[in-house]
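Thank you for letting me take a few minutes today. Please have a look at the structure first, and then I will walk through it piece by piece.

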Amino acid sequence: MTIAPPRAAEPLHRALGVTDDELDAIRDRLGRDPNDVELAMFSVMWSEHCSYKSSKPLLATLPTAGAGVVAGPGENAGVISIGDGLAVAFKIESHNHPSAVEPYQGAATGVGGILRDIFTMGARPIAVLDALRFGDPSEARTRHLVDGVVRGVGGYGNCVGVPTVGGELTFDPSYAGNPLVNVMAIGLLEERYLTLAAAPGPGNLVILFGSTTGRDGIGGASVLASATFTDVDASKRPSVQVGDPFAEKLLIEASLELIERGLVEGLQDLGAGGITCATSETADRAGTGMAIDLDAVPRRESGMAAFEVLISESQERMLAIVRPDREAAVREVCERWGIPAAVIGTVSADGDIAVAEGGREIVRIPAPALTSNAIVHRRLATPPARRRSAPAPGAEVEAVDRLPERGMDPGAVLAALLGSPNLASRRPVFEQYDSTVQVNTVVGPGHGAAVLRVKGTSKALVASTDANAGVGAADPWLGAAMSVAEATRNVSITGARPLGVTNCLNFGDPTRPEAFWALSEAVRGLGDACRALGLPVTGGNVSLYNESPAGSILPTPEIGVVGLLDDVASRIGPAFVAEGDTILVAGEAMPGLDGSEYARLGGGAAEDDPPPLDLDRERRLQLFVREGAARRLIASAQDVSGGGLAVAIAECAIWSGLGAAIRVRIGHSPAVDLFGESPSRLVLTTRPRHTPALELLARQFGLPIEVIGSVGGIRLVMDLVGAGATGAAEERGSRVADPIDVALADLRHTWDHGLARALDWEAPASAPEGR
Amino acid sequence: MAVRIGVVVFPGSNCDRDTMHALDLAGAEPVELWHEQAELDGVAGVILPGGFAFGDYLRAGVIARFSPVMRSVTGFAAAGGLVLGICNGFQVLAEAGLVPGALLRNRGLRFLGRDVRIAVEQPDTPFTHLSGPRRPLRMPVAHGEGCYFADAATLDALDAAGQVLFRYVHEDGNVAGETDDPANPNGSLRAIAGVRNGAGNVAGLMPHPERASEAILGSDDGFGLVRSFVEGAAAMAQAGGVLEATAR
C-alpha cells in the first residue's frame, strides 16, 4: 500500500503535514519507520486539532477542580452535578475552517459534532448556543457565509430537535477570510448513566454503528483545521464533512437507549480523525489496545484505501465497547432505529492499535503514541513589537472627534449603535432556529442568558457565550479575562450560580511567535479569571491557524458558561418590569474606549487603551447581584457591555416597551460614560421601597451604586449632568451636554431593522419580539 | 381512569416527548405508537407530533404516510376516531389526504421559529371546545414548510363548511394578510393555521399548542387545545364506537 504524494518531489510525511522533527518523533515511538498507512494515522492524530500539540502545556495551567465536577477536560464534555441525581454536560467547539469552505455543511456538521460529544456521555442534548463571527456585512462574500452558516446551524439543530437558545453574531473585518463558527451544546443526564469514552476489558467487542464510512472528510482535522488558509480553496471541499441530521437523530436515540439499558462499557463518537481517533483514544484511556478488522467496516463507496477508511471523517458514527454476551441486544437496538452496526474488532491487552486488512496486519501502533504520548511543541511566544502606548490624557474625548457628524449629539450616537450590525436585534438570525422544542425554554435567544427549566424539579439551567475580541486585540490577557467576566456576569444576573466554564480558543498560526504569545496570554487570562471567580474549566477546544492572506483574526477566546438557578420562578430578566421602578447603576465607568463598539463606529480602534478589569470587583459584583436576587430586591438586571451604559438602558427599555428618565453623571466624558464598555457594571431596577436596601447591600459588597432614574413613559430621556458634561460642553459648544430624548418606538425600529439592513435581507417581522 | 392518547413516533419525530408531557399535564395517559406497529393499542385518540419524521429532505411527511402505523391511523380516522396532527403531524395528515390542502415551503423560503397568534374559528369542536374565551391564542411555530395551500374552490368550500379551525391573526384579533404580514409567518392562504376534515374528527395545525401549555414557558394558551383533545377523546371512548371499530 502506498499513498502517492501530490508532488513527486515532496516526501509523503510533509505532504501530510508532518514535519521532519515530527517524523523523527514518530520513529522514536515506533522503534522503526512508519508505513504509509501508519503515517497517515499519525498525521491526523498529531495534527494541531487532535493533539493540542501547541496548546497542551498552556491548557495544563487552567483550574479544573470545582464543586460537583463529575468529568472534566479530556472527556468528550465537562459534566457537573446539579443535584436530584442529575448532571449537566456541556462543551463548546469550533468548526471554523469547514464553514469557510462550505458554510452550510461546515456549520451543520459543527452542530452535529458537538451534539455527539454530549450524548456520548449519556446526556440528552437539550440546547445549542452558536457564536458566529464574520467579516464586513456589506461584502457579498460575508453575506453568503452568514446565510449558509445560519441555514446550516438551523438545518441541523431544527431537524434533530435540539433548540438553539442563544449565542452571538459579531462582525469584524478580521474574520473576512476566516469566519468563526463556535457551537456550544448542553445536555442533561442522570448521573448514574454517565458513560466514558474508554475501552476497558480485553475481549470486549468494538462495534461501529451509525452511518457508513465514505471518502467525505478525509483529512478534515489535518488539512483544514490545522493549517493556514492560502485562499478559499475549492479543492479542499472534499475535506468538509457532509451532515445528515436525520441520521444523528437516530444516533441520539439509539445511543441513549444503549446507555440506559446498560449495554455498553464505553462509547465514543467519531469526529476528527475518524476510526483512528476513536479507537486509539478509547484504548489509551483504558490502558488497553484494539485489534481492528478493516474489512468489517461498512462503507458507502468501493475501492477505498485502508488509510481512507481509517481517517475518514464521515459523520454520524459511533464506536461502542460491548461485552460479547450483549452483542445481540446492541444489534437489536440499532435495528429498531434502522442503524447499521458492525463488529469491527476486539479490545486487546497489548496496548496496541492493530489493524488488519485481508487477513494481513497493516498497522501496529501503541495507542498512547497516537494520543496521550503525541508530540508536544514548545512554541516561541513574543509580544508584538508595537504594543499600544499609554493613553494620552483626554484620549477618550479625542475619540468623540472621530464621529464629527455624531459626536455632538449623543442621541444620534445611541441610535447609530443600536442599529449597527453588532448591536442590532439578532432576531432575523435566531428566528431561523427552533428555540422552543423540548419545552424547556423559559428565556430563549435575544435577551441575555438563556434559561432552561429542568423538568421534574424547580431548577433551571442558565447559559451564555461571550468573547471580547475587540479588547483581546490590544491585550489578549484582558480580552480573555473580560470574556469570562462577561459570560459569568450574564449568568449571575439572572440569579443563577455559574457552575463551570468551557472555552473555544480561536487564534492564529501558533508557529508565529506573536500569535502564540496572544494564545498564551489569553490562556493566562482565562485561568486568572476562573480562579478569581472560583470556577472550573471543564473542557473546550483550541482552534489555531485562523488566518487568511489578509491576516490573522482577532484573538477570540469564546467562553461558554452554564449556571444553576435553584428556583426557576425567581429568575430575573434584563428588561424593565414596571412603571415607577427605580433605576440604579452598580459599578463605575472607567476610561478606555479601545475595542468598544463606539470606537468601531468611529472607524477603527481608538488611540486609547481598553478599560481595566478588576477581577475581585467582578467577583463581588456577581455575589452582590445573586444575593440581591435571592433577597428579592431586584426587579431586573442588565449587564453593561457592547455599546456601554446608554445601549444597556435602551435595550432594557426596548425589550420591555417601557421608557425611562435618567440622569447620567459624566465623570469622564460623554463618550466614556455613555458608550464606554468598562466591565463590572450593571443596570438594575427595583421597587422604590427596596431601593435603600439594595444600595446598602451593594455597599456591603464594597461596590459603588447610584440611583440614576426611574422607569416610565414611552420615551427614553437621558440628561447629562456633572463636571464632565459641562466641561466638554464648554470645550466644543453647548450641544455635547444635550440630553438624549427619543421615542422608544423609534429606537425599537432602528434596533429591529439594523441587522437585516446590514445584510440586505428581506425586511424582518415587525411583530413584537419575544413573549 | 386516565384516557389513553396515542402519540405516533416516527424515527425523526422530535416533539413526541413534548406532546406526551403536555398530555401528562392534561391528565391523560400518553401511549407511544411506534411507526412500525400496526395496532393502536386501544387508544381513545391519536396525535401525530412535530419533527422531521424521516428527515424530510424531499418533502415533509412524504415518507411517513407510508408507515404501517399510518394504515391504522387511517382506519381509526375512518371509524370516527379523533386524530390531531401538529406541525409535521399536520404535514403527514395532509400528505396522507386525511385533511384537505397541502403545506408548501414558507413564503420567505426560510425556516421560521417565533410566537404567533391564532384565532379559534370553530370553538365548538372536540379540538377547541376548552380553548377558553374568544381571544387570540399565542404559541410558537417552528417550521420550514407551513404555507397552507389549496385551490380557491377548496378554500371556499372549507370556509363554507366551517372546516377552518385556526387562522393567524394580529394581537388585536384581526386576520393576518397572506403576504408581507409578519403575523402570518409562512404566507398561508387566507391565513389558515389549521383545518379539519369534512367529518370533523381529523384536524391539523402548524403552531405548537404543546409548547404553550405552561405559564413558565411564556404562554399556556395552547393548553386549552390539548385539554380539548383529551376530553374529546375521552367522550368518544365512553361512547365506545371507535374502540370497536379499531378492534375489528
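Let me begin with a small detail: which residue follows helix α23 of chain A, and is its phi positive or negative? The residue is A:Gly657, and its phi is positive, near 75 degrees. Please keep in mind throughout that what we are looking at is a predicted model.

Staying with that helix for a moment, α23 of chain A covers residues 644-656, and its 13 residues reach 19 Å from the first C-alpha to the last, which is close to the 18 Å expected at 1.5 Å a residue. As for its surroundings, 13 of the 13 residues of α23(A) are buried, so this helix is largely enclosed by the rest of the structure.

Now let me step back to the chain that holds this helix. Chain A contains 27 helices and 28 strands, and of its 771 residues 64% are buried. If we take the contacts in chain A between residues at least 6 apart in sequence, 83% of them join residues at least 24 apart.

A second place to look in chain A is a pair of helices, α19 (residues 476-492) and α22 (residues 615-630), whose axes come within 10 Å and cross at roughly 10 degrees. With an angle under 35 degrees counting as roughly parallel, that makes α19(A) roughly parallel to α22(A). On the α19(A) side the residues that meet the partner helix include A:Ala481, A:Ala485 and A:Arg489, while on the α22(A) side they include A:Leu615, A:Glu618 and A:Val625. Sorted by class, this contact has four nonpolar, three polar and three charged residues.

Let me turn next to a sheet in chain A. It is an open sheet of seven strands, with mixed pairing, in the order β8-β10-β7-β11-β9-β12-β13. Its edge strands are β8 (266-269) and β13 (360-366), each of which pairs on one side only, and neighbouring strands are turned by 20 degrees against each other on average, direction ignored. Within this sheet, β7 (residues 205-210) and β11 (residues 341-348) of chain A run antiparallel and are joined by five bridges; to take one of the partners, A:Leu208 is bridged to A:Ala342 in β11(A). Helix α10(A) packs on the sheet, where it touches β7, β8 and β10 of chain A, and its direction makes about 15 degrees with that of β10(A).

Chain B also has an open sheet, this one of nine strands with mixed pairing, in the order β2-β1-β3-β4-β11-β10-β9-β6-β7. At the edges stand β2 (29-34) and β7 (137-143) of chain B, each with a single partner strand, so one side of each is left without a neighbour in the sheet. From one strand to the next, the twist averages 25 degrees. Strands β9 (residues 164-168) and β10 (residues 192-196) of chain B run antiparallel and are joined by three bridges, and in β10(B) the bridge partner of B:Val164 is B:Val195. Helix α5 (residues 223-239) of chain B lies across β1, β3 and β4 of chain B, running at about 160 degrees to β4(B).

Finally, how many residues does each chain bring to the contact between them? Chain A gives 28 residues and chain B gives 27 residues. On the side of chain A, the elements that give two or more residues are α8 (140-160), α10 (245-260) and β14 (441-443), and α8(A) gives the most, with four residues. By class, that side has twelve nonpolar, ten polar and six charged residues.

Methods
Residues numbered from 1 in each chain as written. Chains lettered and ligands numbered in written order. Predicted model: local features only at pLDDT ≥ 70, side-chain atom pairs only at ≥ 80, totals over all residues. Axes fitted to C-alpha atoms, helices over the stretch in contact; angles between N-to-C directions. Parallel < 35°, antiparallel > 145°, perpendicular 65-115°, else oblique. Contact = placed C-beta atoms within 7 Å. Nonpolar A, V, L, I, M, F, W, Y, C, P; charged D, E, K, R; others polar. Pairing = 2+ DSSP bridges. Buried ≥ 20, exposed ≤ 12 C-beta atoms within 10 Å, placed from the backbone. Expected span 1.5 Å × (residues − 1).
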